[in-house]
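Reader: I would like to go through this model with you and ask where its labels come from. Could we take them one at a time?

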Amino acid sequence: MEKIFLSKDAFNLVIASLLDLEERKTEYLDSFFPLLTKERESMDDMITNYIQRMDDTLARISVVGSPRFNKFPFVVVGSNITVQDMESQSMSDFRLITPSEPTVKGGDISIFSPIGKALLLKENNLVVKYEAPGGVFCYKILSVLLSSL
């Protein structure tokens, strides 16, 4: 497997978001999906799969001195994602967050939102189609960056 080169700040962001999700998984599930339903089971599986994939990915990461190494090969918690709407061709920027994010800004999307669930762990250049209350949407992932901006 190919190495992933990250700056120290980008690597720290990956670690912090992974630890938060591991430590608060049950809290998130209890808060947002208090009943034992298929949806809760699905979210539990999603988080478990995410943690496993990230644990496997950590072995591929090399920390480098340059702050310009902040590209990631797939969408992770804390990442800034640029997508292109396949219908309108317009571009949008999102930041994927957990419910405990202390600073929520415009463009932030939760991992529990329809778009957040659809984008999580998807790779660059992949076209993602998902259904939300507003309809069916189709986006192409153009870039995934890790930065605190």
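Author: Gladly, and let us begin with F74, which is buried because its relative accessible area is 1%, and the cut-off for buried is under 20%. Please keep in mind that this is a predicted model.

Reader: Why is F72 called buried?

Author: The reasoning is the same kind of step: F72 has 2% relative accessibility, so F72 counts as buried, the limit being under 20%.

Reader: What makes F33 and F112 an edge-to-face pair?

Author: A search of the whole structure finds 8 aromatic pairs. In the one formed by F33 and F112, the ring centres are 5.2 Å apart and the planes make an angle of 85°. Rings pair if their centres lie within 6.5 Å, and planes over 60 degrees apart count as edge-to-face, so both conditions are met.

Reader: Where in the chain do these two rings sit?

Author: They link distant parts of the chain, 79 residues apart. F33 is in the loop between helix 1 (8-32) and helix 2 (38-58), while F112 is in the loop between strand 5 (108-110) and helix 3 (114-119). Both F33 and F112 are buried.

Reader: What makes F72 and F74 a pair of the edge-to-face kind?

Author: Their centres lie 5.0 Å apart, with 70° between the planes. The centres have to be within 6.5 Å and the planes over 60 degrees apart, so F72 and F74 qualify as edge-to-face.

Reader: Which residues form an aromatic cluster with F33 and F112?

Author: Y28 and F32 join F33 and F112 in one aromatic cluster.

Reader: How do you know whether Q84 is buried or exposed?

Author: Q84 is at 18% relative accessibility and therefore counts as buried, since buried means under 20%. Q84 is found in strand 3 (residues 79-85). Leaving out residues up to four places away in sequence, Q84 touches Q89, S90, M91, C138, Y139, K140 and L142.

Reader: And I115, buried or exposed?

Author: I115 lies in helix 3. With 10% relative accessibility, I115 counts as buried. Apart from neighbours within four places in sequence, the contacts of I115 are F94, I109, Y130 and Y139. As for K129, 14 residues away along the chain, its C-alpha atom is separated from that of I115 by 9.0 Å.

Reader: What makes G106 exposed?

Author: Exposed means over 50% relative accessible area, and G106 has 78% relative accessibility, so G106 counts as exposed. G106 lies in the loop between strand 4 (91-97) and strand 5. From C-alpha to C-alpha, G106 and K8 are 26 Å apart in space, and 98 residues apart in sequence.

Reader: How do you know that the radius of gyration agrees with a compact globule?

Author: For 149 residues, a compact globule would have a radius of gyration near 15 Å; the protein chain has 15 Å, so the two agree. Along the principal axes, the C-alpha trace spans about 45 × 40 × 30 Å.

Reader: What is the pattern of helices and strands along the sequence?

Author: The protein chain has 3 helices and 7 strands, in the order β-α-α-β-β-β-β-α-β-β.

Reader: What share of the residues counts as buried, and how much area is exposed?

Author: Of the 149 residues, 41% count as buried. The protein chain exposes about 8,400 Å², with 54% of that area supplied by carbon and sulfur atoms.

How values were computed
Residues numbered from 1 in each chain as written. Predicted model: local features only at pLDDT ≥ 70, side-chain atom pairs only at ≥ 80, totals over all residues. Heavy atoms only, no water. Helix = DSSP H or I, 4+ residues; strand = E, 2+ residues; numbered from the N terminus. Rg over C-alpha atoms; globule rule 2.2 N^0.38 Å. Buried < 20%, exposed > 50% of the residue type's maximum accessible area, 1.4 Å probe, protein only. Areas by Shrake-Rupley, 256 points an atom, 1.4 Å probe, with all protein chains shown as cover. Phe/Tyr/Trp six-rings, centres within 6.5 Å; stacked < 30°, edge-to-face > 60°. Contact = heavy atoms within 4.5 Å.
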